Amino acid sequence: MKTVILLIDFKGHPALGNEYLNNKRYAEVQRILTDTQIDKSNIIFAVSKGNKDEKLDELKFMAIHLGFKFYEYNLDTTFDELKQQLLQHHNFIIDPNDTQIIVGGTNTAGCVIKSSKPMNAVESHLKGYRTTIYLPMCAEYEQPGINDVERTMVSLVEVYKWIKKYRAYSIYLETNLSGLNLPKR
C-alpha cells in the first residue's frame, strides 16, 4: 500500500506550546526517516507551504538524502490536484484503492480534522482514502486550556464530533508508529 504522510501547518504556533510537544512531532518524522525497514519507494511526505520552518527544512533535507520523496503543496490544493501534482513531479500515483493518508500537523481539532483548507482528515476520508491521524505528529494550540494536556483533551472531543458529523468512523486515531501500516521492504 502506498502512503502519503500529510503534514498540515506543521510548524504551528511553537510559542504557545511547551518544548516537549513542539519537539515530539519532529522526532516522530525522524523516526520514520530512520526506519530502515520502510519501503521508501512507496511513501511520500506532502507538506503544506507556509511559514518558514527551519526544523522542517532540515527534515526535508534529511528525507531527500535518505531516498524519500518530499513534496510541498499550496494551502488551497485539493486531493484531486495533489494526486496530479504527485504524479507530475514525482511519478507517484495515488489512488483510494491502494493509498493511505497519514495526517499530522497543527491544530488537531482545526487543520488536521476539519480545516477550511481543502486537505484534512475528513476530506481524505470523503475521497475514499484509508485515513489515519497520527497523534504524536499533532499539536493543539487553538483550543482552550491552561496546558497542552487540557488543550489536547478538548481537541479530541472536537475530533470525535467531526468524525460523528461526517460518519467518518473509518478514520483511525493512532499513537503507535507500528500501527501506521507503513510500507515495508
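Me: Is Cys111 buried or exposed in this predicted model?
Reply: The structure is a predicted model, and the value for Cys111 is computed from it. The cut-off for buried is under 20% relative accessible area. Cys111 counts as buried, with a relative accessible area of 10%.

Me: How many disulfides does the structure hold?
Reply: A disulfide needs two cysteine sulfur atoms within 2.5 Å. For Cys111, the nearest cysteine sulfur is that of Cys138, 11 Å away, and Cys111 is in no disulfide. Cys138 is likewise in no disulfide, with the sulfur of Cys111 as its nearest. The number of disulfides in the structure is zero.

Me: What is the relative accessible area of Cys138, and is Cys138 buried or exposed?
Reply: The sulfur of Cys138 lies 11 Å from that of Cys111. Buried means under 20%. Cys138 is buried, and its relative accessible area is 5%.

Me: Why is strand E5 described as largely enclosed by the rest of the structure?
Reply: Strand E5 covers residues 130–139, ten residues in total. The description rests on burial along the strand, so what matters is how many of the ten are buried. That number is eight.

Me: Which strands pair with E5 in the parallel sense?
Reply: Strand E4, residues 99–106, is parallel to E5 and pairs with it over six bridges. Strand E6, residues 172–174, also runs parallel to E5, joined by three bridges. The partners are E4 and E6.

Me: Which residue is the bridge partner of Ile133 in E6, and which residue in E5 stands opposite Gln100?
Reply: For the pairing of E5 with E6, Ile133 has Leu173 as its bridge partner. For the pairing of E4 with E5, the residue in E5 opposite Gln100 is Arg130. The two names are therefore Leu173 and Arg130.

Me: What is the handedness of the β-α-β unit made by E5, helix H6 and E6?
Reply: E5 and E6 run parallel. Helix H6, residues 148–165, is the helix of the unit that these two strands make. The unit is right-handed.

Me: How many residues are in the largest nonpolar core?
Reply: The residues with the most contacts inside this core are Val4, Leu6, Tyr73, Leu86, Ile113, Ile133 and Ile171. Apart from this core lies another, of 22 residues, among them Ile32, Phe45, Leu59 and Ala63. The largest core has 28 residues.

Me: Which residues does Tyr73 touch, not counting residues up to four places away in sequence?
Reply: Tyr73 is one of the residues with the most contacts inside the largest nonpolar core. Its contacts are not limited to that set of names. Tyr73 touches Leu6, Leu7, Ile8, Ala46, Val47, Ser48, Lys49, Leu82, Gln85 and Met119.

Me: How many aromatic pairs does a search of the whole structure find, and what is the geometry of Phe10 and Tyr26?
Reply: The search finds five aromatic pairs. Phe10 and Tyr26 form one that is 5.1 Å centre to centre, with 80° between the planes. An angle over 60 degrees sets the class, and the geometry is edge-to-face.

Me: Where do Phe10 and Tyr26 lie, and how many residues apart are they?
Reply: Both are buried, Phe10 at 2% relative accessibility and Tyr26 at 8%. Phe10 is in the loop between strand E1 (2–8) and helix H1 (19–33), whereas Tyr26 is in helix H1. They are 16 residues apart.

Me: What is the geometry of the aromatic pair of Phe45 and Phe70?
Reply: The pair links strand E2 (residues 43–48), which holds Phe45, with strand E3 (residues 69–73), which holds Phe70. Phe45 is buried at 1% relative accessibility, and Phe70 is buried at 9%. The rings are 6.2 Å centre to centre with 25° between the planes, and the pair is stacked.

Me: Which residues form one aromatic cluster with Phe45?
Reply: Phe45 and Phe70 already form a pair. The cluster also takes in another phenylalanine, giving Phe45 the partners Phe68 and Phe70.

Me: Which peptide bond is cis with omega near -10°?
Reply: Most peptide bonds are trans. Asn107, in the loop between E4 and helix H4 (108–112), takes part in the cis bond. That bond runs from Thr106 to Asn107.

Methods: Residues are numbered from 1 along each chain as its sequence is written. This is a predicted model: local features need pLDDT of at least 70, side-chain atom pairs count only at pLDDT 80 or more; totals for chains, interfaces and linings use all residues. Side-chain values use heavy atoms; hydrogens and water are left out. Buried means under 20% relative accessible area, exposed over 50%, partly exposed in between (1.4 Å probe, protein chains only). Helices (H or I, at least four residues) and strands (E, at least two) are DSSP runs, numbered from the N terminus. Two strands pair if DSSP finds at least two bridges between them. A crossover is right-handed if, with the strands pointing away from the viewer, the path from the first strand over the helix to the second runs clockwise. A nonpolar core is a set of buried Ala, Val, Leu, Ile, Met, Phe, Trp, Tyr and Cys residues joined through side-chain atoms within 4.5 Å. Contact means heavy atoms within 4.5 Å. Rings of Phe, Tyr and Trp (its six-membered ring) pair if their centres lie within 6.5 Å; planes under 30 degrees apart count as stacked, over 60 as edge-to-face and the rest as tilted.
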